[in-house]
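Visitor: I have a structure open and would like to go through it. Can we start with the charged pairs?
Guide: Yes, here it is.

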Amino acid sequence: QVQLVASGGGLVQAGGSLRLSCAVSGRTFSSYAMAWFRQAPGKEREFVARITWSGGNTVYSDAVKGRFTISRHNAEDTVYLQMKSLKPEDTAVYSCAADTVVPFLLSRRERVQYDYWGQGTQVTVSS
């Protein structure tokens, strides 16, 4: 069983920064890929970023590319999402997810491709 606990959300002004963390326990963290998704009010959950098992490859949605950075610290079983130049449209509940099936591929952006999920952390960006 894999457990994910996301934290670091909060209220920030437009143009500000936040760093989200996702602590993982239960299995060998370094053997699977991790991702962040977000869900804004009234919208479907959408892909934000993914990092492969080794941390050597990352991919981002067009909406956050150049502003967000996903990283992982395998020795601490934690994945991060550094968010800069935040916009009001980034307001959402952000959730981390683990892909234990195909951890070496980069192009996996569908929710169904992730088998474990954290509870989510709220990010609110004021204008």
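Guide: A salt bridge is a side-chain nitrogen of Lys or Arg within 4 Å of a carboxyl oxygen of Asp or Glu. The model is predicted, so local features need pLDDT of at least 70 and side-chain atom pairs count only at pLDDT 80 or more, while totals for chains, interfaces and linings use all residues. Residues are numbered from 1 along each chain as its sequence is written, and side-chain values use heavy atoms, with hydrogens and water left out.

Visitor: How many salt bridges does that rule give?
Guide: The count comes to 7.

Visitor: What does D90 pair with, R38 for a start? How far apart are the atoms?
Guide: The side chains of D90 and R38 form a salt bridge at 2.9 Å, N to O. D90 sits in the loop between β8 and β9, R38 is in strand β4 (residues 33-39), and the two are 52 residues apart. Strands (E, at least two residues) and helices (H or I, at least four) are DSSP runs, numbered from the N terminus.

Visitor: And R67, where does that one come in?
Guide: D90 also forms a salt bridge with R67, with the closest N and O atoms 2.8 Å apart. R67 lies in the loop between β6 (58-60) and β7 and D90 in the loop between β8 and β9, so the pair ties together parts that are 23 residues apart in sequence.

Visitor: Is D90 buried or exposed?
Guide: D90 is buried, with a relative accessible area of 0%. Buried means under 20% relative accessible area, exposed means over 50%, and partly exposed is in between (1.4 Å probe, protein chains only). R38 is buried too, at 5%, and R67 is also buried.

Visitor: Switching to D99. Where is it?
Guide: D99 is in strand β9 (residues 92-99). D99 has a relative accessible area of 0%, which makes it buried.

Visitor: What does its side chain reach?
Guide: The side chain of D99 reaches the backbone nitrogen of V101 at 3.0 Å. D99 and R108 also share a side-chain polar contact of 2.6 Å. A polar contact is a pair of N or O atoms within 3.5 Å; within protein, one must be able to donate a hydrogen and the other to accept it, and residues adjacent in sequence count only if both atoms are side-chain atoms.

Visitor: How does the D99 and R108 pair fare under the salt bridge rule, and which residues join into one network?
Guide: R108 forms a salt bridge with D99, the closest N and O atoms being 2.6 Å apart. R108 is buried, at 13%. As for the network, salt bridges that share partners join R38, E46, R67 and D90.

Visitor: What else does D99 touch?
Guide: Leaving aside residues up to four places away in sequence, D99 touches Y32, A33, R50, R108, Q113, Y114 and D115. Contact here means heavy atoms within 4.5 Å.

Visitor: Why call β9 largely enclosed?
Guide: Because 7 of its 8 residues are buried, β9 is largely enclosed by the rest of the structure.

Visitor: Which strands does β9 run alongside? β4, for one?
Guide: β4 and β9 pair in the antiparallel sense over 7 bridges, with Q39 opposite V93 in β9. Two strands pair if DSSP finds at least two bridges between them. β9 is also joined by 3 bridges to strand β11 (residues 121-126), again antiparallel, where Q122 is the bridge partner of V93. Strand β10 (residues 116-117) is antiparallel to β9 and joined to it by 2 bridges.
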